[in-house]
Amino acid sequence: MDILLKVWTFFATNVLQQPAFMIGLIVMIGYILLRKPWYDILAGTLKAIVGYLILMVGSGGLVNNFRPVLVGLKDRFQMNAMVIDPYFGQNAVTAGVEEVFGKGFGDAMILLFIAFIVNILLVRFSKYTKLRALFTTGNVQVQQAATAYWLIMFACPFLLNGRVAMLVVMALLLGAYWAVGSNLTIKPCQEDTDGAGFCLAHQQMFGVALSYYLAGKLFGKESKKNNGKEIRKIEDIELPGFMSIFNDNMVCTSILMVIFFGAILCILGRDYLVEGEFMKEGASMFFYVLQTCLYFAVYLAILQLGVRTFVAELTASFQGIADRILPGSVPGVDCAVIFGFGAANAVTLGFLSGFVGQILAIVALILLKSPVLVICGFVPVFFDNATIGVFANEKGGFKAALILPFFSGLCQVFGSAFIAGWVGMAAYGGYLGMWDWAVIWPVFTVVMKYLSYIGIGIVLVALLAIPQIQYWKDKKGYFLMTEDYEAYKEMKANK
C-alpha cells in the first residue's frame with residue numbers, strides 16, 4: 001500500500017499537477033493507440049507540451065502583470081480582506097483545515113485521485129451515464145479538491161468519524177461535478193470552434209453553459225425580439241473614422257488597458273509603486289504605466305500562440321483514446337484555450353465588464369458593512385469573465401458579451417463573500433472565488449448542510465440527471481456531436 005501511495009504521490013506531483021506534462025502524456029497515449037510511428041509520437045508529444053507551456057507563460061504573465069493593482073488596492077487603502085483567487089483559496093485550506101477540522105491536507109490529494117477515477121468510470125460507461133468529457137486540467141483539480149474538501153467537511157460533519165466513508169462520498173460528488181460540468185461545455189465549444197473536439201475543464205463550466213443558453217434566449221436568434229435575425233457580434237461591428245482602430249484586437253486591448261489600468265496605477269501613485277518595488281527609483285511613471293498596460297496585449301498574443309500549438313495535437317491524438325478506451329469522449333482543457341477560437345475583442349470586453357461588476361459588488365459590500373470584505377483576484381476576474389464573454393458573443397452578440405460577464409462579476413463577489421464567511425475560509429485570507437464555486441457549490445453546501453445524507457443524495461442525483469436531460473432533448477445529435485461533427489451539422493441543417 002505504501003508503494004502504491006508513493007507512486008501516486010510522484011505521479012500527482014510531477015504529472016497530474018503539471019498540466020503541460022499531463023497533456024503531453026494524453027497525446028502520447030493517444031498516438032500510441034493510433035499506432036503512429038515513434039517519431040510522430042515524439043513530435044506530437046513535444047509540440048503539445050511546448051504549446052501548453054507557452055499558454056502558461058501567457059496566463060502567468062497576465063496574472064503577474066495585474067499584481068501591482070491587486071496588492072495596491074489592499075495595501076494603499078488598508079483594505080484587510082479575503083482575496084478571491086484559486087491559489088489564495090488553496091493556501092487558505094492548507095493553513096486552516098487541520099485547525100478547524102482536525103484533518104490533514106494530504107487527504108485532499110487522495111480525494112483528487114479517487115474523484116479522477118470516478119470521472120473516468122462515468123465516461124467509460126457513457127452508454128448509461130451519457131457523460132462524454134474527461135477532466136484533464138490537473139492544476140485546477142488540485143484547487144477544486146482542496147476547496148471541496150473543506151466545504152463537504154463543513155456541510156457534513158457526520159462524515160468526519162469515518163475517513164474512508166468521507167473520502168468516498170467526497171469523491172463521488174467531486175468526480176460527478178467534473179464529469180457533468182465539463183460535459184455541459186461540449187456543445188458551446190463544438191459550436192464555437194466548428195468541431196475542434198475539446199471541451200472546458202475549469203472553474204466556470206456551469207457558468208459557461210448557463211451564459212451560452214441565456215445569450216441565445218435573451219440576445220441571439222432564439223430571442224423573441226430578434227425573431228431569428230442574424231445577431232451583431234463584436235467582429236461584425238465596423239467602427240467609423242478613427243474608432244476603426246478598435247477593430248484590431250491588439251490595438252483595442254492596448255488602448256483599453258492603458259485607460260483602465262493606467263488610471264488605477266496613477267491613483268496608487270508613484271511613491272507606493274516605488275516603495276512596493278514595482279517601479280524602480282528614478283524611472284519614468286509615464287513609461288512604467290504604458291509598458292505595464294501594453295504587456296496585457298503581449299501576454300494575450302502569447303497565450304493564443306500556445307493554444308494554436310497544442311490543441312491540434314491534443315484533438316488528433318485523443319481520437320485514439322476515444323476509439324479504444326473511452327468511446328465518444330473528448331478531453332476537457334483549460335478555459336484559456338477558447339481565446340484562440342473566439343473573437344479576440346470579446347476577451348477584452350468580457351474581462352472589463354466582469355471587472356466593473358466585481359468592483360461595484362465590492363463597493364456594495366463596503367456600504368452594507370459586510371462582515372466579509374472581498375478583494376478581486378485576477379484569475380476569476382479575467383479567466384471567468386473573458387471566457388463567458390467569448391461564448392456570449394458567439395451566441396448572443398456584443399450585447400450579451402457586455403452584459404453577461406458583468407453579472408458574472410457580481411455573482412463572483414457576492415457568492416464568495418457568503419460562502420467563505422459562512423464556512424470559515426474567509427478568516428484564512430482566501431477563497432477559490434470562480435463562477436461555479438461562487439454560485440453552484442454554495443447551493444450544494446446549503447443543501448447538504450441542512451438535509452444531511454438526503455442532501456448528499458439530492459446533489460448527486462441532480463448532477464447525474466443533467467446529462468440524461470441533455471440526451472433526452474437531442475437523442476440523435478447528442479453523441480454524434482462528438483463522434484462526427486460534420487454529420488451533426490448536416491443533420492441540424494436538414495432540420
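**Exercise 1.** In which loop does Lys-130 lie? Describe its backbone and its exposure.

*Solution.* The model is predicted: local features need pLDDT of at least 70, side-chain atom pairs count only at pLDDT 80 or more, and totals for chains, interfaces and linings use all residues. Residues are numbered from 1 along each chain as its sequence is written, and side-chain values use heavy atoms, with hydrogens and water left out.

Step 1. Lys-130 sits in the loop between helix H7 (126-129) and strand S2 (133-135). Helices (H or I, at least four residues) and strands (E, at least two) are DSSP runs, numbered from the N terminus.

Step 2. Most residues other than glycine have a negative phi. The phi of Lys-130 is positive, near 65 degrees.

Step 3. Lys-130 counts as buried because its relative accessibility is 12%. Buried means under 20% relative accessible area, exposed over 50%, and partly exposed in between (1.4 Å probe, protein chains only).

**Exercise 2.** Is Arg-35 buried or exposed? Place this residue in the chain.

*Solution.* Step 1. The loop between helix H2 (19-33) and helix H3 (38-65) holds Arg-35.

Step 2. Arg-35 is not a glycine, yet its phi is positive, about 60 degrees.

Step 3. Arg-35 counts as exposed because its relative accessibility is 66%.

**Exercise 3.** At which residue does H5 bend? Follow this helix from its span to its end.

*Solution.* Step 1. Helix H5 (residues 86-101) has 16 residues and reaches 21 Å from its first C-alpha to its last. This is close to the 22 Å expected at 1.5 Å a residue, where the expected span is 1.5 Å times one less than the number of residues.

Step 2. The bend is at Ala-95 and comes to about 35 degrees. Such a bend is the angle between axes fitted to the seven residues ending there and the seven starting there.

Step 3. Buried residues of H5 include Pro-86, Gly-89, Val-93 and Phe-101. Their cover includes helix H8 (138-155), helix H16 (378-423) and strand S6 (430-431).

Step 4. After H5 comes Gly-102, with a positive phi near 70 degrees.

**Exercise 4.** How many helices and strands does the chain have? Add its overall burial.

*Solution.* Step 1. There are 19 helices and six strands in the chain.

Step 2. Of its 495 residues, 56% count as buried.

Terms used
Contact = heavy atoms within 4.5 Å.
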